[in-house]
Amino acid sequence: MPELPEVEVVRSGLDAAVTGRTVAGVTVLHPRPVRRHPGGPDDFAASLVGRTFAEPRRRGKYLWLPFTDGDALMAHLGMSGQFRLDDPGAPHPPQCRLEFRFTDGGRELRFADQRMFGGLWISRGGAELPAEVAHIARDLFDPELDLAAVVAAVRRRRSGIKRVLLNQTVVSGIGNIYADESLWRTRVHYDTPADRLSPARVRELLTAARDVMADALAVGGTSFDALYVNVNGSSGYFERS
């Protein structure tokens with residue numbers, strides 16, 4: 001599943017593509033990705049018409065697209081969800097599930113999802129921080145992160161350190177790829193109980209996690225197959241290193 005670098009690459013691409021644009025119409029091509037919307041696909045599409053996107057936001061690996069009216073469009077990419085930008089009338093990408101058209105007549109936003117574990121839904125009042133992700137901890141790139149508090153939270157746990165790194169309520173954004181890379185860089189065994197690591201060692205590990213994710217961001221994230229791409233269809237190249 002996409003981790004922080006991959007989601008941030010998508011968020012940045014969406015920022016340039018949709019911020020300030022108003023929805024003219026939505027076509028739901030398959031109902032499963034909007035299964036969390038209680039009114040069904042037709043109501044989901046109608047509920048978005050006339051809304052204007054604000055700047056997309058992210059916490060860890062959780063993404064949402066705020067509207068200027070205070071609501072937000074939650075976007076769970078699952079294992080294979082993709083946002084793509086295409087010219088109006090261009091062929092849909094494979095496994096395209098939704099299409100967003102805009103009042104300016106410019107490039108359309110399509111949501112494709114081969115495995116359909118992802119989904120989109122409206123979060124009422126969720127523009128600033130949706131209730132669905134309020135329990136998620138800040139990530140290592142968040143300017144308001146209290147690193148000392150995260151170090152202490154890690155050391156309160158007896159589980160193996162990798163399991164703690166994957167706990168999104170302790171620190172968010174880290175998944176299997178970047179946990180493994182961080183542990184390798186610091187030479188910490190994945191099953192070392194977290195409470196046996198010194199504060200300095202935990203801080204070193206978290207710094208390594210931030211550094212490795214920054215390295216991944218610089219090359220567009222990690223793409224092991226065609227299921228993760230940026231909004232322009234480009235793959236990430238971190239796996240080469």
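Me: Buried means under 20% relative accessible area, exposed over 50%, and partly exposed in between (1.4 Å probe, protein chains only). Why is Arg11 called buried?

Reply: Arg11 has a relative accessible area of 12%. That is under 20%, so Arg11 counts as buried. Keep in mind that this is a predicted model: local features need pLDDT of at least 70, side-chain atom pairs count only at pLDDT 80 or more, and totals for chains, interfaces and linings use all residues. Residues are numbered from 1 along each chain as its sequence is written, and side-chain values use heavy atoms, without hydrogens and water.

Me: What makes the contact of Arg11 and Glu55 a salt bridge?

Reply: A salt bridge needs a side-chain nitrogen of Lys or Arg within 4 Å of a carboxyl oxygen of Asp or Glu. Arg11 and Glu55 have N and O 3.8 Å apart. That is within 4 Å, so the pair qualifies. Arg11 lies in helix α1, and Glu55 in the loop between α2 (40-48) and β2 (57-59), so the pair ties together parts that are 44 residues apart in sequence. Glu55 is partly exposed at 45%.

Me: Which other residues share a salt-bridge network with Arg11 and Glu55?

Reply: Glu8, Arg58 and Asp139 are joined with them through shared partners. The structure holds 19 salt bridges.

Me: How do you know that Glu128 and Arg57 form a salt bridge?

Reply: Their closest N and O atoms are 3.1 Å apart. The limit is 4 Å, so this pair passes as well. Glu128 sits in the loop between β8 and α3 (147-155), and Arg57 in strand β2, so parts 71 residues apart in sequence are tied together.

Me: Why is Glu128 called exposed, but Arg57 partly exposed?

Reply: Glu128 has 58% relative accessibility. That is over 50%, so Glu128 is exposed. Arg57 has 32%, which puts Arg57 in between.

Me: What makes residues 4-18 count as helix α1?

Reply: Helices (H or I, at least four residues) and strands (E, at least two) are DSSP runs, numbered from the N terminus. Helix α1 has 15 residues. That meets the minimum of four. The chain has 6 helices and 8 strands.

Me: How do you know that the length of α1 fits what is expected?

Reply: The expected span is 1.5 Å times one less than the number of residues. For α1 that gives 21 Å. The model reaches 20 Å from the first C-alpha to the last, which is close.

Me: Why is α1 called largely enclosed?

Reply: Of its 15 residues, 12 are buried, so the rest of the structure largely encloses α1. Among them are Leu4, Val10, Leu14 and Val18. Just after α1, Gly20 takes a positive phi of about 85°.

Me: What makes Leu109 buried, and where does Leu109 lie?

Reply: Leu109 has a relative accessible area of 1%. The cut-off is 20%, so Leu109 is buried. Leu109 lies in strand β7.

Me: Which residues of α1 does Leu109 touch?

Reply: Contact means heavy atoms within 4.5 Å. Leaving aside neighbours within four places in sequence, the partners of Leu109 include Leu14 and Val18, both in α1. Phe83, Leu98 and Phe100 are also among them.

Me: Why is Pro88 called partly exposed?

Reply: Pro88 has 45% relative accessible area. That falls between 20% and 50%, so Pro88 is partly exposed. Pro88 sits in the loop between β5 (81-86) and β6 (96-102).
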